[in-house]
Amino acid sequence: MAKSVDVGKEEDQDARAKALWEMAAVNRNAPGTKMLAQEYGLSKSELKGLLEQYAETRRHEGDLKPLEPCFDIRTGAYLSFEQWVVAFLKKYDKVSVA
């Protein structure tokens, strides 16, 4: 969306961060998260930092729903967001975005 509208650099970065948060925390979509990170030019460590920062912000704001455990089809277990991020980053290089 930010691409189609003329927005400043800060607004663009915020929109990208929100899109990554939605894909990772709300949807728990590993391929989509990796695809967006690659599209935005983020390294694995930059992505990790962004997701950790957003999780901490949400926690302080009291928005705990995205952080709660959800069923993860890949592991067959309920994972908190933090657990999901660890599992996702561990297999990051093997996640297919095709």
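Student: Which side chains meet in a salt bridge at 3.4 Å, N to O?

Tutor: The structure is a predicted model. A salt bridge is read from the distance between a side-chain nitrogen of Lys or Arg and a carboxyl oxygen of Asp or Glu, with a cut-off of 4 Å. Here the side chains of K48 and E52 satisfy that criterion, at 3.4 Å from N to O. Both residues belong to helix α3, which covers residues 44-61, and they are four residues apart, about one turn of the helix. K48 is partly exposed at 37% relative accessibility, and E52 is partly exposed at 42%.

Student: How many salt bridges does a search of the whole structure find?

Tutor: The search finds seven. Among them is the bridge between E56 and R59, whose closest N and O atoms are 3.2 Å apart. E56 and R59 also lie in helix α3, three residues apart, about one turn of the helix. E56 has a relative accessibility of 35% and counts as partly exposed; R59 is partly exposed as well, at 34%.

Student: With which other residue does R59 form a salt bridge?

Tutor: The partner is E82, and the closest N and O atoms are 2.2 Å apart. Because R59 lies in helix α3 and E82 in helix α4, this pair ties together parts that are 23 residues apart in sequence. E82 is partly exposed, with a relative accessible area of 31%. Salt bridges with shared partners join E56, R59 and E82 into one network.

Student: I should like to turn to the aromatic rings. How many aromatic pairs does a search of the whole structure find?

Tutor: There are six aromatic pairs. To classify a pair, one reads the distance between ring centres together with the angle between the planes; an angle over 60 degrees counts as edge-to-face, and one under 30 degrees as stacked. W21 and F81 are 5.1 Å apart centre to centre with 65 degrees between the planes, an edge-to-face pair. This pair links distant parts of the chain, with W21 in helix α1 and F81 in helix α4, 60 residues apart. W21 is buried at 3% relative accessible area, and F81 is buried at 1%.

Student: What are the centre distance and plane angle for the rings of W84 and F88?

Tutor: Their centres are 5.1 Å apart and their planes are at 10 degrees, so the pair is stacked. Both residues lie in helix α4, four residues apart, about one turn of the helix. W84 is buried, with a relative accessible area of 4%, and F88 is likewise buried, at 4% relative accessibility. Ring pairs link W21, Y54, F81, W84, F88 and Y92 into a cluster.

Student: Which residue has a positive phi although it is not a glycine?

Tutor: The general expectation comes first: most residues other than glycine have a negative phi. In this model R28 has a positive phi of about 50 degrees. R28 lies in the loop between α1 and α2, the latter spanning residues 30-39.

Student: Is R28 buried or exposed?

Tutor: R28 counts as buried, because its relative accessibility is 14% and the cut-off for that class is under 20%. One of its contacts is with S80, which also touches L67, E68 and P69, leaving aside residues up to four places away in sequence. S80 is in the loop between β2 (77-79) and α4 (81-90), and S80 is buried at 15% relative accessible area.

Student: Which residues make the nonpolar surface patch?

Tutor: F71, I73 and Y78 make a patch of about 410 Å². F71 is found in strand β1, residues 70-72, and is partly exposed, with a relative accessible area of 47%.

Student: Finally, what is the mean pLDDT of the protein, and which elements have the lowest and highest means?

Tutor: Confidence is read first for the whole and then by element. The mean pLDDT of the protein is 91, and 92% of its residues reach 70 or more. Among the elements, α1 has the lowest mean pLDDT, 91, and β2 has the highest, 97.

Definitions and conventions:
Residues numbered from 1 in each chain as written. Predicted model: local features only at pLDDT ≥ 70, side-chain atom pairs only at ≥ 80, totals over all residues. Heavy atoms only, no water. Helix = DSSP H or I, 4+ residues; strand = E, 2+ residues; numbered from the N terminus. Buried < 20%, exposed > 50% of the residue type's maximum accessible area, 1.4 Å probe, protein only. Contact = heavy atoms within 4.5 Å. Patch = residues over 30% accessible without salt bridge, like charges linked within 9 Å, V, L, I, M, F, W, Y side chains within 5 Å. Areas by Shrake-Rupley, 256 points an atom, 1.4 Å probe, with all protein chains shown as cover. pLDDT = per-residue confidence, 0-100. Phe/Tyr/Trp six-rings, centres within 6.5 Å; stacked < 30°, edge-to-face > 60°.
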